[in-house]
Amino acid sequence: MTTLKVTPLNAAHRAMGAKMVDFGGWDMPVNYGSQIDEHHQVRNDCGMFDVCHMRVVDAKGEGVRAFLRYLLANNADKITLPGKALYSAMLRPNGGVIDDLIIYFMTEQWFRIVVNAGTADKDIAWMKEQAQTHAPNLTITSRDDLAMVAIQGPNARAKVWQVLPTTQAATEGLQNFQAADCGEYFVARTGYTGEDGFEVMLPKEKVEAFWYALNKAGVAPIGLGARDTLRLEAGMNLYGQDMDETVGPLESGLAWTVDLKSERDFIGKAALLANPPSSKLVGLLLLDRGVLRGHQKVHTAQGVGEITSGSFSPTLEKSIALARVPKDVQIGDSVQVAVRDKMLAAKVVKYPFARNGKGLID
Amino acid sequence: MSNPSNLKYTASHEWVKTEADGTITVGITQHAQELLGDMVFVEAPTAGRKLKAKEECAVVESVKAAADVYAPVSGEVIAANADLDSSPENINSDPYGAWIFKMKPDNAADVAALLDAAGYQAAVDSEAH
C-alpha cells in the first residue's frame with residue numbers, strides 16, 4: 001500500500017469530521033456530512049476548499065511573456081493589466097491537452113501559474129524542457145512553500161476581508177479573474193464553482209490558522225464532492241475526465257481559449273489547424289429519472305458519443321452531464337443515454353447549467 | 001447508529017426484516033448509506049418479479065455513485081417503496097425505516113440463515129482492513 005500525500009490541513013479536516021478519500025494519491029476530504037448541503041452552502045452563502053494539492057509555479061525573468069505566448073494555446077498578450085488572469089490549455093505538439101491552467105500577469109518579469117495536482121510534475125518538466133530551448137534565462141520554480149485555499153460564494157470576499165483586513169484595500173477593486181500580491185497573501189478573484197470569491201495563496205505554515213479563522217467567521221468547509229458538482233454545474237472542465245492528452249482543446253469545449261486567428265505560433269497550433277475536430281463537448285440534461293455518469297454512451301442521430309462527466313445537479317435537482325458527441329449534434333437535439341440495461345432520454349443543452357446562485361436551464 | 005438486533009443482514013449491506021406473515025422487507029444498512037452519501041435516485045424491482053438469492057434487483061444512486069442492491073434470498077417481489085421516488089434521501093435520514101422492496105421468500109430457512117447484527121458488524125469490520 002502506498003502512502004497518501006497530505007496537505008497541511010489534513011488534521012483540520014479530520015477534526016471537522018471530514019470523510020477522507022484517496023483523490024489521485026492525496027488524502028482529501030470528500031465531504032463533512034452532506035455534499036448536497038455543502039453545494040447549496042456555496043451557491044447561497046460561502047464555503048472554503050482545501051486546494052493545497054494544486055501547484056503554484058512562478059515563471060520569472062526577461063521574456064517570460066514571449067515564452068508563455070509560445071507555450072500556451074491561449075494568448076498571454078491578452079493580459080496587460082497587473083494581476084490579470086488567463087485560463088489556458090497547454091498542448092503537446094500533436095494538440096493533446098497536457099493540462100489546463102491559470103496564468104496571472106504580475107510584471108513583465110513575473111507570471112504566476114497554477115496547475116492541477118495530478119499533472120503538476122509533468123507540467124513543470126514540460127515547461128522547463130521548453131524553456132531550455134526557447135527561453136534559457138527564465139527560472140521556473142515550483143512553489144512548494146505555498147498553500148492554497150479557495151473561498152467561494154456570494155459572501156466569500158466579505159469573509160476573507162473579515163479574517164485578513166489588511167488585504168481589503170488591495171483586493172476590493174479586483175475584477176473577476178484578477179489577483180493582488182499582498183505580501184504573504186496572494187489573493188485572486190478566481191475559482192472553480194461559478195460563484196464569486198477568492199483563491200488565496202499563503203505560506204504553508206500559516207494555512208491551518210487561516211482555515212480555522214475562516215471557520216470561526218462562519219465559513220463552512222466544503223469537500224471535493226461538492227467541488228465536483230459545483231464545477232460541473234458551472235460548465236468547467238475537469239482535467240483527466242473531460243480532456244486529457246488524447247484529445248484536443250477544440251473537442252473539449254475550449255475553443256474560446258484557443259487563439260488560432262493571430263499570427264502567433266504556439267505549441268500544438270499546426271496540429272490543430274491540420275486536424276479540424278470531428279467531435280465536440282456539449283451539455284446534457286436528463287429527462288428520464290436516473291443519474292448520468294462518466295463513460296455512458298450517448299446515442300445521437302449523428303453517431304455515438306460518450307459522457308465525460310455526469311452527476312446530479314443539486315441546483316436543478318436533475319441529472320446533468322458533459323458529453324463528447326459528433327460535431328453536428330445541435331443544442332436542443334434529443335439523444336438517448338445507455339444507463340445499465342435502459343436507454344434514457346436526454347436533451348442537448350447549452351452550458352453552464354448554473355452560476356451565481358441560479359440555475360440557467362429551463 | 002448500531003445495527004438493530006431484530007434484523008437479519010447480508011454481507012452486501014442489505015438489511016432484512018421478517019414480518020408476521022412471513023414476508024420480508026429489505027433496505028440498505030446505515031453503513032451502506034454512509035459510504036454512498038446523499039441519495040438522489042432509487043430504482044426498485046416491480047411486484048411479481050421472481051428473484052434468485054444474490055441477484056442484482058435494485059439500484060441506489062447517490063450524487064457520488066451508483067450501487068447495486070441484491071436479493072437477500074430467493075423469492076418473489078410483492079411491493080416496492082414508492083415514497084423513495086420522490087424522497088430518496090429518506091435512506092440517508094432513516095436507513096432502517098426507508099425500505100426499498102418487500103419479498104415473499106421461497107424458504108423461510110434461507111432468511112434464518114442470513115447474518116445477525118453481530119455477524120454483519122464483523123463483516124463490515126473485516127472489510128475495513
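These are my notebook entries on a predicted model with chains A and B.

**Entry 1: the contact between the chains.** I looked up which residues take part where the chains meet. Chain A supplies 12 residues to the contact and chain B supplies eight. On the side of chain B that touches chain A, I recorded four nonpolar residues, three charged and one polar.

**Entry 2: the nonpolar core.** I turned next to the largest nonpolar core, which has 135 residues. The residues with the most contacts inside this core are Met148(A), Val149(A), Ile151(A), Val200(A), Leu284(A) and Ile100(B). Strand β6 of chain A, residues 97-107, gives the most to the core, with seven residues. I noted as background that nonpolar side chains tend to be buried together in soluble globular proteins.

I then listed the contacts of Ile151(A), leaving aside neighbours within four places in sequence. Among them are Cys46(A), Met48(A), Ala156(A), Val160(A), Phe198(A), Leu214(A) and Val219(A). Lys159(A) and Gly197(A) are also in contact with Ile151(A), as is Val200(A).

**Entry 3: strand β6(A) and its partners.** Is β6(A) largely enclosed or open? Nine of its 11 residues are buried, so β6(A) is largely enclosed by the rest of the structure.

I followed the pairing on either side in sequence. Strand β5(A), residues 85-91, runs antiparallel to β6(A) and is joined to it by seven bridges. One pairing I checked is that of Ser88(A), whose bridge partner in β6(A) is Leu101(A). The two strands form a hairpin with five residues between them; in the turn, Gly95(A) has a positive phi of about 95 degrees.

Strand β7(A), residues 110-115, is also antiparallel to β6(A), with five bridges joining them. Here Ile102(A) has Val114(A) of β7(A) as its bridge partner. β6(A) and β7(A) form a hairpin with two residues between them.

**Entry 4: two single residues.** I looked up Ala11(A), which lies in helix α1 of chain A, residues 10-15. Ala11(A) is exposed, because 11 other C-beta atoms lie within 10 Å and the exposed class covers 12 or fewer. Its C-alpha is 8.9 Å from that of Glu208(A), although 197 residues separate the two in sequence.

Thr10(B) is in the loop between β1 (8-9) and β2 (14-18) of chain B. Thr10(B) counts as buried because it has 22 C-beta neighbours inside 10 Å, and the cut-off is 20 or more. Not counting residues up to four places away in sequence, Thr10(B) touches Tyr70(B), Pro72(B), Leu114(B) and Leu115(B). I also recorded 15 Å between the C-alpha atoms of Thr10(B) and Trp99(B), which are 89 residues apart along the chain.

Definitions and conventions: Residues are numbered from 1 along each chain as its sequence is written. Chains are lettered from A and ligands numbered from 1 in the order in which they are written. This is a predicted model: local features need pLDDT of at least 70, side-chain atom pairs count only at pLDDT 80 or more; totals for chains, interfaces and linings use all residues. Two residues are in contact if their C-beta atoms, placed from the backbone, lie within 7 Å. Ala, Val, Leu, Ile, Met, Phe, Trp, Tyr, Cys and Pro count as nonpolar, Asp, Glu, Lys and Arg as charged, and the others, Gly among them, as polar. A nonpolar core is a set of buried Ala, Val, Leu, Ile, Met, Phe, Trp, Tyr and Cys residues joined through C-beta atoms within 7 Å. Helices (H or I, at least four residues) and strands (E, at least two) are DSSP runs, numbered from the N terminus. Two strands pair if DSSP finds at least two bridges between them.
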